[in-house]
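Please give a short briefing on this protein model, suited to someone in a first year of study. Explain each technical term where it comes up, and group the points by topic.

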Amino acid sequence: MDLTLATRELDSATVVAVGGEIDVYTAPKLRDKITELVAQGRYDIVVDLEAVEFLDSTGLGVLVGGLKKVRANQGMLRLVCTQERLLKIFRITGLAKVFDIHASAEGAATR
């Protein structure tokens, strides 16, 4: 399965809606998008994981790397995730304490 990325502006944030599977083969596409946004000066990023069907450790690494990039510029990377199977991954890895996880892009975009 391929990875789809759709970007839109919401308030002062850039929302990246991700669909499909984030794995060792597709994660570089997401990493490149986050890198591109940071290079454009967009440091307030919301990654919407609602349409993600699979997330592996490579995908988690890309999200952590993205968080580090925006924080280096006093920015914020927040997640949208309500899927219990994905939330469980964030809890088990301890990343639920690292990421600001919201139920909607609108909720994530308003700080």
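In this predicted model, strands β2 and β3 pair in the parallel sense over 8 bridges, where two strands count as paired if DSSP finds at least two bridges between them. Helices (H or I, at least four residues) and strands (E, at least two) are DSSP runs, numbered from the N terminus. Because the model is predicted, local features need pLDDT of at least 70 and side-chain atom pairs count only at pLDDT 80 or more, while totals for chains, interfaces and linings use all residues. Residues are numbered from 1 along each chain as its sequence is written, and side-chain values use heavy atoms, with hydrogens and water left out.

**The sheet**

- Within the pairing of strands, Val-15 stands opposite Val-46 in β3.
- The open sheet of 5 strands runs in the order β1-β2-β3-β4-β5, with mixed pairing.
- Its edge strands, each pairing on one side only, are β1 (3-10) and β5 (100-102).
- From one strand to the next, the twist averages 25°, with axes taken as lines fitted to C-alpha atoms (for helices over the stretch in contact) and angles running from 0 to 180 degrees between N-to-C directions.
- Helix α3 packs on the sheet, where it touches β3, β4 and β5, and its direction makes about 115° with that of β3; contact means heavy atoms within 4.5 Å.

**Helix α2**

- The 15 residues of α2 (residues 57-71) should span 21 Å at 1.5 Å a residue, and the end C-alpha atoms are indeed 21 Å apart; the expected span is 1.5 Å times one less than the number of residues.
- Gly-59, Leu-60, Val-62, Leu-63, Gly-66, Leu-67 and Val-70 are the buried residues of α2, whereas Ser-57 and Lys-68, on the other side, are exposed (buried means under 20% relative accessible area, exposed over 50%, and partly exposed in between, with a 1.4 Å probe and protein chains only).
- These buried residues pack against β2 (13-22), α1 (27-39), β3 (44-55), β4 (76-80) and α3 (84-93).
- At the start of α2, a side-chain oxygen of Asp-56 comes to within 2.9 Å of the backbone nitrogen of Thr-58.

**Leu-95**

- Leu-95 lies in the loop between α3 and β5, and it is buried, with a relative accessible area of 14%.
- Apart from neighbours within four places in sequence, Leu-95 is in contact with Leu-60, Val-64 and Phe-90.
- The C-alpha atoms of Leu-95 and Leu-63 are separated by 10.0 Å, although these residues are 32 residues apart along the chain.

Terms used
Polar contact = N/O pair within 3.5 Å; in protein donor to acceptor, adjacent residues only side chain to side chain.
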